[in-house]
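Student: Hi! Could you walk me through this model before I start poking at it myself?

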Protein chains: 2
Amino acid sequence: MSNVTISDVARKVGVSESTVSRCLSGFNVRNAEAIRKAIKELGYRPNLVARNLKSGRTGLVALIVPDITNPFFASIVRGAELAAGEDYMIQLINTGDQPEREEWAIQRMMGQVDGIIYVPSQEDSQAMSDIADRSLPLVFVDRVIKSFRSVDSVLADNLTGGEIATKHLIDHGHTKIAHISGPLTSTPGKERAAGYSRALKADGIKEVADFFVESDFTVLGGYQAMMSLLALPVPPTAVFIANNHMTIGALKALKEKAIKTPETVAIIGFDDHELTDLIDPPLTVISRDAHLQGAIAMQTLLERIKGGNQFPPKRIKVDVRLLVRGSCGSTCRHRETSTSDTNKVLSASTRS
Amino acid sequence: MSNVTISDVARKVGVSESTVSRCLSGFNVRNAEAIRKAIKELGYRPNLVARNLKSGRTGLVALIVPDITNPFFASIVRGAELAAGEDYMIQLINTGDQPEREEWAIQRMMGQVDGIIYVPSQEDSQAMSDIADRSLPLVFVDRVIKSFRSVDSVLADNLTGGEIATKHLIDHGHTKIAHISGPLTSTPGKERAAGYSRALKADGIKEVADFFVESDFTVLGGYQAMMSLLALPVPPTAVFIANNHMTIGALKALKEKAIKTPETVAIIGFDDHELTDLIDPPLTVISRDAHLQGAIAMQTLLERIKGGNQFPPKRIKVDVRLLVRGSCGSTCRHRETSTSDTNKVLSASTRS
DNA sequence: TTGTAAGCGTTATCAG
DNA sequence: CTGATAACGCTTACAA
């Protein structure tokens, strides 16, 4: 907290505060040299809080995510930070997917930040009851709240992802295909599950109720879900798991039960990780560019902050792609299949 | 940005701004009921920026880390956030270990935050040239800047960690033990390397220059370092790798060369990960509680913010422990060895 | 180009 | 318990 103010500088140089202020803003002033010298000598730093009070902006953007420890969200944050440049700083909040904490965070952020990038835990959340009537710019990432259809969002193409994943298992000859899904109250949980169903239907495979386990996106949840699948009278021969944490849990279950992958049970996960090709067997996954997702979100938010409601709500979908490794029994490694190869560039990734 | 101010509320109720302000601060006022009602109806939210300008505090703490994508730093952030409670929010900055960016961040944070938790990239950094004379509370985590000896710090017991790791390899009968170290200009790089040397010396094993590779804490760096070790006329039979990223890189190199672990080359890493026991072979590592490290750092910072320089600089060291899995050839899994079992609790972990 | 003065929204002080 | 007033540090008309 620098206690030396602009008036100290002004007094030292013998000019008015306004002159110093103008000098700071890059205007031409006569004593610019002397002022800069005084600033250095006194160690003056403008008080941003005071500046913000005048300008009405804070230069802060809140990033509300479930858990920064999940590398997927960490990448989103990193991408967003990069896109923010030097103008906006990031205020990070972990919610642990607790709706009360989300609500608290949003309450607290209002009037403290210029905008919010938000990964809500549930599609029917009420955390936003207070933001509704206000004009605080907001962008959903990865998940949305249903009742806020007019809010910008940057999602992954989860439906296609679930479809590709399931189709990949089908293509390997599997018919007893299970799905460990995320909460169906969340956007990605719901959409990936829908992709799973659609792929089965497309190939005329009947959905077995026991093969669909709704879990919670956690390691423990994935572990328990896989355990329950393995305990079935007729266990599945392949499992599509809806996120990275649950996949870790599921793999731990398989390891514990000493079940061979992919021979006995083939596995395909969602979201990649630096270690996935080192685990045994290397994990085949649906992946997407989280970094890009974060960057687009920030970019959209900044446009919204600057332009207000000049443009209609954006609903952007980022492509997913299949990374084939060993966990489905395929022999070719690192083959990539993208939903479309055209829109990997930031600008081109914008689909309404 | 709520444009309804305290004076709107005051006018509506027919009292003065001061009365509303007092009501908000929990004082007894006659029209409390009416005021609360008006606040609800108008949707008034106190402007925190204005409040901050008065109070001189921002309720913000900057967290300057190399890369939030590294789960270790993510855990630090998480721990710090938890310890911050509801009073302080976290402003996150990734530096990518670029000194210029660190300097920029610190410049920018001054006067904007109440304190800084900082993971500097280099021990002789000059990023702090401007913070020197000021009284902005600061705590180093994981690494320090040498010229700031009077600044609080929360480090891991790197020396012991490096020692334990190397001793573990020695205990498995290895004598050709290499070390892929971090930058010797960084605290953990230097200290872990010192632990390596000390353990070798203690057992009378001569240090071989070729077996010591200074790298940069990155995946690519670890990969290249391991490749260079493997290219040696007499390659090592065991390698201690100084951080998680480099370990990933090294494992990729081993995999690429189809070299068997632990049979041909035993591996021990530094810092654990949720996936380390799923990779092939399960990785033996030195681990520590990053969450705790972050929490202690925040706690120390908050004390400093509140108490000023009431107490002498703290130099806290968090314990490390050995997690034995398969990558060193040991058969027993998940045996844990801690430097001391006493100080796992937050309060007890404080050593000067 | 420069200085004066008003004001951003809140809270602390001080009479009443 | 309450209300007027000043102040936090800075920016920006408005005049000069």
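Tutor: Happy to; we can start with one chain and then move on to the DNA, the chain contacts and some strands.
Tutor: This is a predicted model: local features need pLDDT of at least 70, side-chain atom pairs count only at pLDDT 80 or more, and totals for chains, interfaces and linings use all residues. Residues are numbered from 1 along each chain as its sequence is written, while chains are lettered from A and ligands numbered from 1 in the order in which they are written.

Student: How many helices and strands does chain A have?
Tutor: Chain A has eleven helices and 13 strands. Helices (H or I, at least four residues) and strands (E, at least two) are DSSP runs, numbered from the N terminus. The C-alpha trace of chain A spans about 90 × 40 × 35 Å along its principal axes.

Student: And what percentage of chain A counts as buried?
Tutor: 53% of the 352 residues of chain A count as buried. A residue is buried if 20 or more other C-beta atoms lie within 10 Å of its own, exposed if 12 or fewer, and partly exposed in between, with C-beta atoms placed from the backbone.

Student: Switching to the DNA, which residues come nearest to strand C?
Tutor: Val29(A), Arg30(A), Thr5(B), Ile6(B) and Asn47(B) come nearest, out of 26 residues around DNA strand C. A residue is near a molecule or strand if its C-beta atom, placed from the backbone, lies within 6 Å of it.

Student: Which elements give two or more residues there?
Tutor: For DNA strand C they are helix H2 (17-24) and helix H4 (48-55) of chain A, together with helix H1 (6-13), helix H2 (17-24) and helix H4 (48-55) of chain B. The residues of that surface divide into eight nonpolar, twelve polar and six charged. In this scheme Ala, Val, Leu, Ile, Met, Phe, Trp, Tyr, Cys and Pro count as nonpolar, Asp, Glu, Lys and Arg as charged, and the others, Gly among them, as polar.

Student: And what surrounds DNA strand D?
Tutor: 25 residues surround DNA strand D, and the closest are Ile6(A), Ser18(A), Asn28(B), Val29(B) and Arg30(B). H2(A) supplies the largest share of the surface near DNA strand D, five residues. By class, that surface has eight nonpolar, eleven polar and six charged residues.

Student: Back to H1(B): which of its residues are buried?
Tutor: Ile6(B), Val9(B) and Val13(B) are the buried residues of H1(B). They cover an arc of only 60° around the axis, which puts them on the same side of H1(B); the arc is that of the directions from the helix axis to the C-beta atoms.

Student: What do they pack against?
Tutor: The buried residues of H1(B) pack against H2 and helix H3 (32-42) of chain B. Gly14(B) follows H1(B), and the phi of Gly14(B) is positive, near 90°.

Student: How many residues of chain A are in contact with chain B?
Tutor: 41 residues of chain A are in contact with 41 residues of chain B, where contact means that the C-beta atoms of two residues, placed from the backbone, lie within 7 Å. The largest share of the chain A side, six residues, comes from H5(A). That side has 20 nonpolar, twelve polar and nine charged residues.

Student: How do E2(A) and E2(B) run?
Tutor: E2(A) and E2(B) run antiparallel and are joined by three bridges; strands pair if DSSP finds at least two bridges between them. Gln91(A) stands opposite Gln91(B), and Leu92(A) has Ile90(B) as its bridge partner.

Student: Why is E2(B) called largely enclosed?
Tutor: Six of the six residues of E2(B) are buried, so E2(B) is largely enclosed by the rest of the structure. Met89(B), Gln91(B) and Ile93(B) lie on one side and Ile90(B), Leu92(B) and Asn94(B) on the other. In a regular strand the side chains alternate between the two faces of the sheet.

Student: Which way does E1(B) run relative to E2(B)?
Tutor: E1(B) and E2(B) run parallel, with six bridges joining them. Ile64(B) stands opposite Ile93(B). E1(B), helix H5 (residues 71-84) of chain B and E2(B) make a right-handed β-α-β unit: with the strands pointing away from the viewer, the path from the first strand over the helix to the second runs clockwise.
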